[in-house]
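Let's take a walk through this protein together, starting with its ligand and moving on to its domains and some unusual backbone spots. Have a look at the chain below before reading on.

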Amino acid sequence: MRLRSGAFLLFVSCFFQAVAAVDRPPVAAIASAHPLATQAGMEILADGGNAFDAAVAVSAALAVVEPYSSGIGGGGFWLLHRARDGFEVMVDGREKAPLAASRDMYLDAAGEVVPGLSVDGALAAGIPGEPAALDHIARYYGRLPLARSLQPAIRLAREGFVVDARYRKLAQFRQAALQNDSQAGDIFLQAGEVPDEGYRIVQADLAATLTAFARFGTAGFYRGPVARKLVDGVRAEGGIWTLDDLRQYRVAERVPVQAEYQGLRITSAAPPSSGGIALAAMLNMLANYDLHALDSVSRTHVIIESMRRAYRDRSIFLGDPDFFPVPLKRLTSPAYAGQLAQSIQMDRVTPSSSLPGRDSSSGGRDTTHFSILDGAGNRVAATLSINYPFGACVVPAGTGVLLNDEMDDFSAKPGVPNVHGLVGADANAIEPGKRPLSSMSPTFVESDEGVAILGTPGGSRIITMVLLGILDHAAGNRPDSWVSLPRYHHQYLPDVVQYEANAFDEDGVRALAALGHNLKQLDSGYGNMQAIYWDRSNGQVYAASDPRGVGDSRVGLFGRQ
Ligand code: DON
């Protein structure tokens with residue numbers, strides 16, 4: 001009997017191995033916001049690394065060549081899927097508030113928010129999580145040593161990269177703040193001015209910091225000489241970091257948020273991101289409609305109304321789950337969404353002011369997302385940030401580390417919007433050691449037919465961009481369509497539908513306005529989506545980078561894996 005069940009088990013495991021062996025993509029794919037970062041990932045895959053090693057390499061390279069978007073002075077969320085056993089996890093490397101932070105730290109004596117205090121300068125910086133996350137991913141999920149996967153980034157920091165039009169635009173936007181910090185100004189400006197196209201940004205101190213990190217792992221950043229220079233630099237510029245803050249930083253592994261929509265399984269970011277919950281809520285509301293059967297104005301109307309309701313809940317209920325009891329089950333349940341959907345009226349808007357709330361829009365210019373699929377079927381969706389372009393615009397002397405201004409993602413005061421126009425309350429109030437609420441939404445969408453990997457920067461608009469991408473996927477379209485389709489967005493407050501120039505035609509604008517929508521066409525596009533789709537039905541892999549950015553997506557064998 002024993003033998004027979006053993007033989008049976010052997011048969012079962014052989015069978016599953018055979019199935020698993022078939023269920024592999026024919027090629028690997030990387031889509032990232034910068035060609036040099038995609039190149040770094042390909043180099044690591046070619047060297048025998050898996051998708052997780054490549055994610056370390058791409059993250060670190062982006063930290064060097066997209067200094068306005070993310071970096072080792074910032075944080076992010078890395079959503080991982082391990083092919084071998086289907087294990088899925090979100091590595092939470094989100095910044096934490098320093099231990100000396102307090103609820104009213106950005107308010108003046110009269111209790112008003114001091115403009116700029118949570119955006120520019122050392123007081124705006126949370127304790128970075130990216131180095132801890134990269135070390136964690138390499139150690140527990142990668143095949144190569146951390147030091148190997150960091151090599152391309154170290155090389156790029158030492159040898160420099162060339163300024164392009166995108167860099168110039170963002171440096172221009174933050175020029176005044178960069179001029180205020182001598183280190184940041186020296187590294188990222190050219191004699192105090194926006195560098196010319198073709199100018200080479202060399203980051204020798206960052207190369208040295210990355211080298212210490214490669215050599216000593218987290219101890220090379222969170223302890224020792226680098227940590228001391230970081231703390232000294234922050235305190236010299238009015239910040240409140242201590243060595244304890246750095247020593248105590250730990251990544252968290254979070255269970256991703258899951259939802260179902262029309263036979264698709266959506267896996268996305270867990271709190272302290274609001275992304276997965278808001279996506280689940282919107283998709284659950286939309287499941288009450290046959291979107292394809294609706295005319296285009298009615299379809300847009302119900303999508304906007306679902307955005308409004310999900311963002312209203314975001315402002316009240318979402319924050320760091322280690323500090324606030326986020327009602328995840330209720331907010332992601334189809335029954336609750338059904339109740340919300342019932343309040344949607346087809347012939348008129350529901351003004352946000354009529355939805356009970358609590359005193360509670362950004363450029364898509366910065367922050368970064370990348371997607372990776374390797375030849376074994378491992379996948380990574382990662383969205384990383386230092387928040388505003390060039391973060392806090394502070395580099396502590398001798399470190400080369402550009403600090404984030406992620407503290408602005410907290411609600412500095414109930415009802416007062418942050419740089420992304422978002423409002424919040426107690427759930428997202430500042431507390432020592434707490435992580436600010438995020439909108440970053442790295443996402444997988446899976447069915448028997450295929451696997452999608454997507455995400456984007458864009459502040460508060462990240463979640464609705466991912467929603468539109470998922471709906472476009474559900475409608476049968478491929479990544480090139482998800483990344484380029486015209487976008488629109490509603491976030492509860494302000495009670496406005498923001499839309500890209502070509503999102504609606506004139507009749508559509510008129511019809512939506514007649515329903516009571518307050519429409520605002522944006523001057524420029526937003527977002528920078530990087531997406532991959534592995535179509536299991538025909539064995540093809542597709543990758544696409546948002547035409548609004550300069551990203552680079554590649555599909556190929558990239559050597560052995
Ligand atoms: O975590 C967040 O939600 C923000 N810090 C992301 C910022 C962002 O995407 C800026 N890009 N436009």
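A residue counts as near a molecule if one of its heavy atoms lies within 4 Å of it. Please keep in mind that this is a predicted model.

**Around the ligand**

Which residues come nearest to the ligand? Of the 18 residues around it, these are E406, D409, S438, S439 and G459. Polar atoms of the protein also sit close enough to the ligand to be listed as pairs, and the table sets out three of them, two through side chains and one through the backbone.

| Residue | Protein atom | Ligand atom | Distance |
|---|---|---|---|
| R94 | N or O atom in the side chain | oxygen | 3.0 Å |
| N387 | N or O atom in the side chain | nitrogen | 2.8 Å |
| G458 | backbone N or O atom | oxygen | 3.0 Å |

**Two domains and their interface**

The domain assignment splits the protein chain into domain 1 (28-253 + 370-417) and domain 2 (255-363 + 447-552). Their C-alpha centres are 27 Å apart. To the contact, domain 1 gives 28 residues and domain 2 gives 29 residues.

How much area do domain 1 and domain 2 bury between them? The value is about 2100 Å², with 67% of it on carbon and sulfur atoms. On the side of domain 1, E88, M90 and L373 lose the most area to domain 2, and together they make up 20% of what that side buries.

As for polar links, the count of salt bridges between domain 1 and domain 2 is 0, while 5 residue pairs are in polar contact across the interface. Several elements give two or more residues to the side of domain 1 that touches domain 2: the helix α2 (35-46) and the strands β1 (28-32), β2 (75-81), β3 (88-93), β9 (368-373) and β10 (379-385). By class, that side of domain 1 has 15 nonpolar, 6 polar and 7 charged residues.

**Unusual backbone spots**

Most residues other than glycine have a negative phi, and most peptide bonds are trans. Against that background, a few places invite a second look.

P271 and P272 are joined by a cis peptide bond with omega of about 15°. P272 belongs to the loop between β8 (264-268) and α13 (275-286). Another cis bond runs from L493 to P494, where omega is near -5°; P494 is in the loop between β13 (488-489) and β14 (497-499).

Finally, C393 is not a glycine, yet its phi is positive, at about 60°. You will find C393 in the loop between β10 and β11 (443-446).

Methods. Residues are numbered from 1 along each chain as its sequence is written. This is a predicted model: local features need pLDDT of at least 70, side-chain atom pairs count only at pLDDT 80 or more; totals for chains, interfaces and linings use all residues. Side-chain values use heavy atoms; hydrogens and water are left out. Domain bounds come from an automatic or database domain assignment. Contact means heavy atoms within 4.5 Å. Buried area is the accessible area (1.4 Å probe) that two parts lose on being put together, summed over both. A salt bridge is a side-chain nitrogen of Lys or Arg within 4 Å of a carboxyl oxygen of Asp or Glu. A polar contact is a pair of N or O atoms within 3.5 Å; within protein, one must be able to donate a hydrogen and the other to accept it, and residues adjacent in sequence count only if both atoms are side-chain atoms. Helices (H or I, at least four residues) and strands (E, at least two) are DSSP runs, numbered from the N terminus. Ala, Val, Leu, Ile, Met, Phe, Trp, Tyr, Cys and Pro count as nonpolar, Asp, Glu, Lys and Arg as charged, and the others, Gly among them, as polar.
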